[in-house]
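Work through the exercises below with the sequence and the structure at hand. Try each task before reading its solution.

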Amino acid sequence: MFEDYDKIRSLGIGSYGNVYLYENKNGNKIALKKIFHDDDTELIYCEKINDLNIKGLVKFLGKENKNIYYEFIEGRKLTNFRFTSSFNNYLKILHNVVNILYELEQKGYYYLDISKENILIQKNNIVRLIDYSTLCPFDKEPVKGVGSYLMIPPESFLKNEVIKNKFDVFSIGILLYEYLFFYNPITKMNNYKKSWVFCKHEICSDKTKCLTDNIEKLFNNNRYNKDLSENNKQICKKILQKCLSLGHLKRWSIKELFHYLELIDSDVQESHMPLP
């Protein structure tokens, strides 16, 4: 299909496949994903991406066997973006990610794999989601264990829990938490890794528990967010408390998070947090 293109370099290594940059003699570039996983989800749904007509998704160019061809997008991943971004700029990026998730939901799809590696940022904070291996229509039950480890809520691996429109909200909360406090709160939870691997139920016995139970102490003691205004702190607390509930019934939906971010968009104050 793209026989005149040569492999230039690797763009990323994932759980379902590896992505490479290819270029022809005219300087045209494409991204080629080589699927090596038995799960063919992305091979099935990649053809529908263009039909969804969502700007935040990368255009599908074609597929051949287990190779998928996408448009190549210049930009940088959200990984380590914390170290060059002000708070209000970072929140706008998360806002743009939520906008894409909200559009996806309106078209009848869940994304189910929000992580720093899957968020590509272009100039002017234009955001693209760049991995569709977990894309799932509403009428299909998502596979248990879906998503990136340390970004997923308990319902991803608990047998009797339902994966629906609150899954990606939890991951958005993790991204904001990591930005503010420089560590992932899941890493501090006993049995979380054990539960994720063996499908245990220990950590979710209390559906009222939230990963932000110590949020006041963190804001008072953390030296990295002292420059946050009181208004911005209240915004962060609200988002974290509504996103990081272990019980999905107490967690915001994508729609609720979308509307809150739209509501407070003009209230976020300029804040330049110092680097560690």
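The model is predicted.

**Exercise 1. Place Ser 171 in its element, then decide whether Ser 171 is buried or exposed.**

Solution.
- Start with the element. Ser 171 sits in helix α4.
- Next, take the accessibility. Its relative value is 1%. The cut-off for buried is under 20%. Ser 171 therefore counts as buried.
- Finally, look for partners beyond four places in sequence. Ser 171 touches Ile 114 and Met 151.

**Exercise 2. Give the inventory of the chain: how many helices, how many strands, and what share of residues is buried?**

Solution.
- Count the elements. The chain has eight helices and 10 strands.
- Turn to burial. The chain holds 276 residues, and 53% of them count as buried.
- Check the range of the contacts. Take those with a separation of 6 or more: 65% of them join residues 24 or more positions apart.

**Exercise 3. Describe how α3 packs against α4, and state which residues make the contact.**

Solution.
- Begin with the axes. Those of α3 and α4 come within 11 Å and cross at roughly 170°.
- Classify the angle. Over 145 degrees counts as roughly antiparallel. So α3 is roughly antiparallel to α4.
- List the residues. From α3 come Phe 87, Tyr 90, Leu 94, Val 97, Val 98 and Leu 101. From α4 come Asp 168, Ile 172, Leu 175, Leu 176, Tyr 179 and Leu 180.
- Sort them by type. In this contact of α3 with α4, 11 residues are nonpolar, none is polar and one is charged.

**Exercise 4. Find which residues of helix α8 are buried, and show where they lie around the axis.**

Solution.
- Take α8, residues 254-264. The buried residues are Ile 254, Leu 257, Phe 258, Tyr 260, Leu 261 and Ile 264.
- Follow them around the axis. They span an arc of only 165°, which puts them on the same side of α8.
- Ask what covers them. The cover includes α3 (87-106), α4 (167-181) and α7 (230-243).

**Exercise 5. Work out the strand order of the five-stranded sheet, and name its edges.**

Solution.
- Write the order. It is β1-β2-β3-β5-β4, in an open sheet with antiparallel pairing.
- Identify the edges. β1 and β4 (60-64) each pair on one side only.
- Add the twist. It averages 25° from one strand to the next.
- Now go pair by pair. Strand β1 (residues 6-13) runs antiparallel to β2, with six bridges between them. Here Gly 12 faces Val 19 of β2. The link from β1 to β2 is a hairpin through three residues.
- Move to β2 and β3 (residues 29-35). They are antiparallel and joined by seven bridges. Asn 18 has Lys 34 of β3 as its bridge partner, and Tyr 20 stands opposite Leu 32 in β3. Five residues lie between the strands in this hairpin, where Gly 27 has a positive phi near 90°.
- Continue to β3 and β5. Five bridges hold this antiparallel pair. Lys 33 stands opposite Ile 68 in β5.
- End with β4 and β5 (residues 67-71). They pair antiparallel over four bridges. Lys 63 stands opposite Ile 68 in β5.

**Exercise 6. Explain why strand β2 is largely enclosed, then assess the burial of β3.**

Solution.
- Count in β2, residues 17-23. Five of the seven residues are buried, so the rest of the structure largely encloses β2.
- Repeat for β3. Five of its seven residues are buried, and β3 is mostly covered.

**Exercise 7. Lay out the three-stranded sheet, and find which helix packs on it.**

Solution.
- Set the order. This open sheet runs β6-β8-β9, with antiparallel pairing.
- Name the edges. β6 (76-77) and β9 (127-129) each have a single partner strand, so one side of each has no neighbour in the sheet.
- Inspect one pair. β6 and β8 (residues 119-121) are antiparallel over two bridges. Lys 77 stands opposite Leu 120 in β8.
- Add the helix. α3 packs on the sheet and touches β8 and β9. The direction of α3 makes about 45° with that of β9.

Terms used
Residues numbered from 1 in each chain as written. Predicted model: local features only at pLDDT ≥ 70, side-chain atom pairs only at ≥ 80, totals over all residues. Heavy atoms only, no water. Buried < 20%, exposed > 50% of the residue type's maximum accessible area, 1.4 Å probe, protein only. Pairing = 2+ DSSP bridges. Arc of directions from axis to C-beta. Contact = heavy atoms within 4.5 Å. Axes fitted to C-alpha atoms, helices over the stretch in contact; angles between N-to-C directions. Parallel < 35°, antiparallel > 145°, perpendicular 65-115°, else oblique. Nonpolar A, V, L, I, M, F, W, Y, C, P; charged D, E, K, R; others polar.
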